[in-house]
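Visitor: I should like to learn how to read the arrangement of strands and helices in a model. May we go through one together?

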Amino acid sequence: MRILGIDPGLQTTGFGVIDVDGHALSYVASGTIRTTALALGDLPGRLKVLFDGITEVTARYAPDMAAVEIIFVNVNPQSSLLLGQARGACVTALVSGDLPVAEYTALQMKKAVVGHGRAAKSQVQEMVRRLLHLPGLPGTDAADALGMAITHAHAGAAMARLGEAGTLARRQHAMYKGGRSY
């Protein structure tokens, strides 16, 4: 199975592609899509660059599925909104290519790759290098994207098995029971 990981950003979006064969991971490609050549105020132009870039990556490497980072709400709400739009352009490009998309937080990715959720970017880079047997450190955005793909390679199968097991039963204590709220 080939997995495409995406670390969305309005100025720099990282991507990473890995092949998974059982528990074996192998590096295929990674890089960044940059929108810095466009003016800061040209949001539609930047979103188009991201959409076209992700479309090109999916066409070139033909992944079977994608894993995208879920953004966190930043202190600055305007930054969060802009990052959300960049992420939306990336996800739209993926689903328009009929790719299934899994989503993980940065905390989940760091925990899966490094072992703890508060890992520094340099720790993620080093573990990605080790896990994929790379000759050098990938860039920070590409390392995060490869980390997303690695996270899905490790967690995706378990999540799929949980999904096949059936839906979770609703908990009674949070519902109205006999006219009373618990």
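Visitor: Which strands does helix 1 lie across?

Guide: Please bear in mind that this model is predicted. Helix 1, residues 43–61, lies across strand 1, strand 2 and strand 3. Its direction is at about 150° to that of strand 3. Helix 2 (residues 77–96) also packs on the sheet, where it touches strand 1, strand 2, strand 4 (65–70) and strand 5. The direction of helix 2 makes about 165° with that of strand 4.

Visitor: In what order do the five strands stand in the sheet?

Guide: The order is 3-2-1-4-5, in an open sheet with mixed pairing. Strand 3 (24–34) and strand 5 (101–105) each have a single partner strand, so they form the edges and one side of each is left without a neighbour in the sheet. On average, neighbouring strands are turned by 20° against each other, direction ignored.

Visitor: How does one read the pairing of strand 1 with strand 2, antiparallel or parallel?

Guide: One looks at the sense of the pairing and then at the bridges. Strand 1 (residues 2–7) pairs with strand 2 (residues 12–21) over six bridges, in the antiparallel sense. In this pair, R2 has D19 as its bridge partner, and G5 stands opposite G16. A hairpin of four residues joins the two strands.

Visitor: How many bridges join strand 1 to strand 4?

Guide: There are four, and these two strands run parallel. Here I6 has V68 in strand 4 as its bridge partner.

Visitor: How many of the six residues of strand 1 are buried?

Guide: Five of them are buried, and strand 1 is thus mostly covered.

Terms used. Residues numbered from 1 in each chain as written. Predicted model: local features only at pLDDT ≥ 70, side-chain atom pairs only at ≥ 80, totals over all residues. Heavy atoms only, no water. Pairing = 2+ DSSP bridges. Axes fitted to C-alpha atoms, helices over the stretch in contact; angles between N-to-C directions. Contact = heavy atoms within 4.5 Å. Buried < 20%, exposed > 50% of the residue type's maximum accessible area, 1.4 Å probe, protein only.
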